[in-house]
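This report covers sheets, helix packing, backbone outliers and a pocket. The structure comes first, and the text follows.

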Amino acid sequence: MKLNLTFREALNLALMREMECDASVFVYGLDVQDHKRIFGSTKGLVEKFGPERCFGTPLSEEAMTGVALGAALSGLRPVHIHIRADFMLLAMNQITNMISNLRYMSGGRLKIPLVIRAVIGRGWGQSAQHSKSLHSVFAHLPGLKVVLPTTPQDAYSLLRAAIRDENPVIFMEHRWLYDVEGEVKDEEIISLGIVGLRRSGHDLSVLTTSWMTVEALKAGEVLEKRGINIEVIDVRTVSPLEEQPLVDSVNKTRHCIVADYDWSYCGFGAELAAMISHQCFSTLKKPVERLGFAHAPCPTTRPLENLFYPSAVTIIRTVEKMLELEEMDLSGEEFYTYEKNFKGPF
């Protein structure tokens, strides 16, 4: 069955489906039950499954995350929701020293089937304490799987796959994606660790995470007007990482931009660029270019935000530089429109 859903509706349907087919799945976290229902993604769950399987919690990240670990070890499949990834740092003892390690330390005898959903990204002046991504931090830890869906289909399929996985999964959702609409195949489950080809091209490869996929597709649309075709590959799962399709793309185009939705310095983009540089050394015509957040705390005002965050314009200008093209006139293009659908922080 094919449905046309928003990203938020796709998340909601994925939770519904998994809770219907497996009584061990439950959803909890701060404000999960309130009237806004985590951007609408938990709408209808408490009414259908009751407060035992969908409930709110106190504001105590360490304790809430410990509940997820204990429940997973006891045979349940918790989906724990953090409204903002920034405050997952308050649960790093549980995540770093317990959740990521226990399956390895038990020789595989213990299963840790838990999902932590976390909201990332910019909104209206989210500033330094409410705008982090941190996927490179979590991907750095062996034992964690880290997922960044971009499309409604990915939101649906990858969340269902994450819930079914026997290992802990960090599932990171950009807040501007919730109103993105797209076709969702109800029966399609995408395995974790598979990249997604978003746009075919032959002039340059852009390897993306999360919101940078949206920006890269816009850049591709604009560049096509002057005959430049970029290939956009959405990494989707930064841990585990499917390397071969990325290498094949860069070997084809011989140019690569890594557009990561995080700080560039010591980030996942650096890891990806190093891998491409090593495996495609003989075919690359230019060094890999990395795009990411400026190495500073996130500012609050919109003009400074537009300097802090890379965008479609940043990608276009980088493509022009790498291919030695003159800068095209962008005055007739519309950028920075995505936040118009953003209704608030919850």
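Which strands does helix H7 (residues 152-164) lie across, and at about what angle does helix H7 run to S7? Helix H7 lies across strand S2 (25-29), S4, S5, strand S6 (145-147) and S7, and its direction is at about 160° to that of S7. Axes are lines fitted to C-alpha atoms, for helices over the stretch in contact, and angles run from 0 to 180 degrees between N-to-C directions. Contact means heavy atoms within 4.5 Å. Helices (H or I, at least four residues) and strands (E, at least two) are DSSP runs, numbered from the N terminus.

The model is predicted: local features need pLDDT of at least 70 and side-chain atom pairs count only at pLDDT 80 or more, while totals for chains, interfaces and linings use all residues. Residues are numbered from 1 along each chain as its sequence is written, and side-chain values use heavy atoms, with hydrogens and water left out.

**Sheets**

The strands that H7 crosses belong to an open sheet of 7 strands with mixed pairing, in the order S3-S2-S4-S5-S7-S6-S12. Two strands pair if DSSP finds at least two bridges between them. At the edges are strand S3 (54-55) and strand S12 (237-239), each paired on one side only. Within this sheet, strand S5 (residues 115-120) runs parallel to strand S7 (residues 169-174), and 6 bridges join them. Ile120 stands opposite His174 in S7.

An open sheet of 5 strands, also with mixed pairing, has the order S9-S11-S10-S13-S14. Its edge strands are strand S9 (196-199) and strand S14 (289-293), each of which pairs on one side only. The twist from one strand to the next averages 25°. S9 pairs with strand S11 (residues 230-234) in the antiparallel sense over 3 bridges, and Gly196 has Asp234 in S11 as its bridge partner.

**Helix H4**

In helix H4 (residues 92-99), the buried residues (under 20% relative accessible area, with exposed over 50% and partly exposed in between; 1.4 Å probe, protein chains only) are Met92, Gln94, Ile95 and Ile99. These residues pack against H3, helix H5 (102-105), S5 and helix H6 (135-139).

**Backbone outliers**

Most residues other than glycine have a negative phi, and most peptide bonds are trans. The exceptions below include a cis bond and two positive phi values.

| Site | Backbone value | Location |
|---|---|---|
| Leu134 | phi about 70° | loop between S5 and H6 |
| Cys266 | phi near 60° | loop between strand S13 (256-263) and helix H10 (268-279) |
| Ser239 and Pro240 | cis, omega about 5° | Pro240 in the loop between S12 and helix H9 (244-253) |

Leu134 is buried, with a relative accessible area of 8%, whereas Cys266 is exposed at 63% relative accessibility.

**Largest pocket**

The largest pocket has a volume of about 160 Å³. On a 1 Å grid over the protein atoms alone, a pocket is an open set of points where a 1.4 Å probe fits, with protein on both sides within 12 Å along at least five of seven lines, and lining residues have an atom within 4 Å of a point. The volume is the space filled by probe spheres set on the points. Of the 13 lining residues, Leu30, Leu59, Glu61, Ile83 and Phe87 are the closest to the centre of the pocket. Helix H3 (61-73) and strand S4 (77-82) each give two or more residues to the lining, and S4 has the largest share, 3 residues. By class, the lining has 7 nonpolar, 3 polar and 3 charged residues.

Conventions. Ala, Val, Leu, Ile, Met, Phe, Trp, Tyr, Cys and Pro count as nonpolar, Asp, Glu, Lys and Arg as charged, and the others, Gly among them, as polar.
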